2 protein chains.
Amino acid sequence: MNLTSLLLLLTVASSPAELRDKAIAGDHVGYEFVTQLTTLFGPRPAGSPAEQKAAHWAADRLRALGFENVHLETFPMSRWIRGDEKVEILSPNPQPVVATALGGAPAAAGVEGEIVAFASMDELIAAPKGSLTGKIAFVDRRTTRMQNGQGYGIAGAARARGPIEAAERGAAGFLLRSIGTDGERRAHTGATHFRDGKVPIPAFAVSSVDADQIGRLLQMGQKVRVRLTSTASLVESQSQNVVADIRGRTDEIVLLGAHLDSWDLGTGAIDDAAGTGIIVGAAKLIADGGKARRTVRVVLYGSEEIGDPQRRPLGGSSYALAHEAELGKHVLTGESDMGADRIYALSLSEPVAASAFGKEALRLLAPIGVLQSRELPRRGGVDVGPLVEKGVPVFVLNQDGSRYFDIHHTAEDTLDKIDRKQFDQNVAAWAALIALAANSDADLREAVK
Amino acid sequence: MNLTSLLLLLTVASSPAELRDKAIAGDHVGYEFVTQLTTLFGPRPAGSPAEQKAAHWAADRLRALGFENVHLETFPMSRWIRGDEKVEILSPNPQPVVATALGGAPAAAGVEGEIVAFASMDELIAAPKGSLTGKIAFVDRRTTRMQNGQGYGIAGAARARGPIEAAERGAAGFLLRSIGTDGERRAHTGATHFRDGKVPIPAFAVSSVDADQIGRLLQMGQKVRVRLTSTASLVESQSQNVVADIRGRTDEIVLLGAHLDSWDLGTGAIDDAAGTGIIVGAAKLIADGGKARRTVRVVLYGSEEIGDPQRRPLGGSSYALAHEAELGKHVLTGESDMGADRIYALSLSEPVAASAFGKEALRLLAPIGVLQSRELPRRGGVDVGPLVEKGVPVFVLNQDGSRYFDIHHTAEDTLDKIDRKQFDQNVAAWAALIALAANSDADLREAVK
């Protein structure tokens, strides 16, 4: 063996299967990344100093890990700041309610009114205009537990549109049974929609236990009067995406996304420090395995969680705009944003699934329990959606969301909820799939045209 | 059969076994009592208007159920009122801490200091005087899960004495890993001791998850600076015991206790609406079963949870004082104050256990899974303790406390945590044991002398 052969042998890329097995053994930097991010910075609300500091820390960390072209891409946005907040039952007897303001909702200086309950958004919408004048509308719908998280989207309509629809019918305030599957005394926040630059009335999510309590009082024939207080505010700020590359031999890009911002109640461990750790862990394994054909780009998005009243582009759309000229070089993308429980299926568009690349991907992932999904990848997620809309091929590694919505957007979203073994399986699936894609010369854009 | 025999037959008391089986079938008023108490009044802090209203409601309810001699016995006390409260990590980066003030702790207008952690109360006590000047002492000890609740008592020493001991060493504030077995993001409140009429420094319990977060930051070599804020206050008030009898044919009394007051965070369902429902349910079954030999007295105590800075007698000791003259007529007592999970053992003093009464009691309870405890009843509990000290014989129906301290003194102490089947078993055990005691002529006082 001559020196050239030896060097070639030493620099040959590890196979996707080898990276997969390394990750399953826990030999990756992903979990450490999540631990430091959630411990050092705690919650990282969109546009906050904590989000900004975390972005600088992440960039430093990625540089130290050998990523290249590491930089921040900033964009303006409105930052919503939770204030002091309180929901109280005033009658039949005073008692506190565990509740939390919806993201974007306005301040409330003790808005009082009687509760009118609706079993669903459809029922609320069926109420005539003016019928809720001075009342507090309460949408009391349960969230169905589903592995693919579909129940969240369905119940979530009331969070997004409820305050606007209730205000149009005259309501002075809006309450929502938390969008969550837990049944605990735990309020789930989340963004609600703006209309004409504002959320028209104070809006809160009450815990499932408190929703039951209100329901019982109504069933006992009591009129339930409540008071809503919040000192929330909106201020002009900025957020940022962190971009970092593992450079390949060509200028083609495989883009991995996750988001750095989080809600303010927990430390954003499952939403979405986990995702950032999974893709950073996978990308670093690929880097250590040897130079690939394509560049693996990690984007840690800012401001995924909350909309902008002026409808300015946030993390995902800012990236798509800023990189419009090079989108043709983006050959595949996917994001990790449903916690850290095991991946059970891979969603690919039909032609990609039928290609040699798709078949090899599924063969690689089968040993770690990942099947071909019957669902299409659709937009792929909030952050990579704007790329997908512009023709970038997308995959989804579907994570088990069965318990995700027990703690999603609550104070319970903390590091201890991450199951290390399942986290490792996520890193393994990403490392194997992305290593395969980065070393492939298959034209996936052509396939999905 | 003549008319007299028929009437005798109709009025003969149901057997303890029959009452037991009725309760197991769910045929009692106990659960409804708990549901109304927790739903209509929510939390019932000692000395609060809610506690007072609940006491009046309970008295009305007991009268409606046919109890006699129903009345309130009031006593003066200091009411501790939780205010707005906040614990924040200031450095290395600002982040909120889920925490709650200990009952009795003073207001804090943003007390700041660096955390010094101790693994136990012993370690704190070993610190020299002056060694904590300006610091925030943090006792970080876990609570051991035990069926009999023993772990609570051991870890609880730090809650009771920690603020005083820390203050003596110069500390500006006190933090405690919540006394609880849950490991969730849930702060457990509870009373701390007064010294010279006050708690010397601000004192909070942080959730187990936040204790871990602080621990990780310290382990990463960070100095952890925190700010403690609370607007808690103490005001002069009063509380009350509700006394209600099922009259027997003699003036001897079997006294059943539980407490109406609760902590302010939850609705006091397991602590101790459950206990009140269990004893009311059992006593009502006995009343419906026919007149017993002895009076069955239900006492729903006020102000069990919190001490008085002036060390005035609260619920349990007020009753013992007010009824000093008739304590000789109290032939047996017990209290229900550890939730609503199943009873697994009966504790009796050795002579009572060896008596015909004791043997019959254990025979009656065996079919519902209650064995003879290896533990003695000791003081029987906080509320009946003052009676026991004055020679009233006591029993303990030991409830399974395995999961009790997961939610004890937290916002999660709500109605949904009561398991109806286990609640029924509690009512069954109390109904059978108390029916037996009320119809017995055994001199238990003589037995325990």
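Two strands are taken to pair if DSSP finds at least two bridges between them, and in this predicted model that criterion is met by strand 1 (residues 68–81) and strand 10 (residues 233–246) of chain B, which are joined by twelve bridges and run antiparallel. Within this pairing, Arg79(B) has Val235(B) of strand 10 of chain B as its bridge partner. Strand 10 of chain B also pairs with strand 12 (residues 295–301) of chain B, again in the antiparallel sense, over five bridges; here Val242(B) is placed opposite Leu300(B) of strand 12 of chain B. Strands of a sheet pair through backbone hydrogen bonds, in either a parallel or an antiparallel manner.

In chain A, an open sheet of three strands shows mixed pairing and has the order 15-14-16. Strand 15 (371–372) and strand 16 (396–399) of chain A occupy the edges, and because each has a single partner strand, one side of each is left without a neighbour in the sheet. Strand 14 (residues 343–347) of chain A is connected to strand 16 of chain A by four bridges, the two strands running antiparallel, and Ile343(A) finds its bridge partner in Gln399(A) of strand 16 of chain A. Helix 11 (residues 356–365) of chain A lies across strand 14, strand 15 and strand 16 of chain A, and runs at about 175 degrees to strand 14 of chain A.

The contact between the two chains draws on 35 residues from chain A and 35 residues from chain B. The area buried between chain A and chain B amounts to about 2,500 Å², with carbon and sulfur atoms giving 51% of this area. Of the area that chain A buries against chain B, 24% is supplied by Thr39(A), Leu40(A) and Arg185(A), more than by any other three residues. Elements that give two or more residues to the side of chain A touching chain B are helix 3 (30–41), strand 3 (95–97) and helix 7 (208–219) of chain A, and the largest share, six residues, comes from helix 3 of chain A. Classified by residue type, the side of chain A that touches chain B holds eleven nonpolar, 13 polar and eleven charged residues.

As for polar interactions across the interface of chain A and chain B, zero salt bridges are found, whereas 18 residue pairs between chain A and chain B, with both residues at pLDDT 80 or more, are in polar contact.

Technical notes:
Residues numbered from 1 in each chain as written. Chains lettered and ligands numbered in written order. Predicted model: local features only at pLDDT ≥ 70, side-chain atom pairs only at ≥ 80, totals over all residues. Heavy atoms only, no water. Contact = heavy atoms within 4.5 Å. Buried area = accessible area lost by both parts, 1.4 Å probe. Salt bridge = Lys/Arg side-chain N within 4 Å of Asp/Glu carboxyl O. Polar contact = N/O pair within 3.5 Å; in protein donor to acceptor, adjacent residues only side chain to side chain. Nonpolar A, V, L, I, M, F, W, Y, C, P; charged D, E, K, R; others polar. Axes fitted to C-alpha atoms, helices over the stretch in contact; angles between N-to-C directions.
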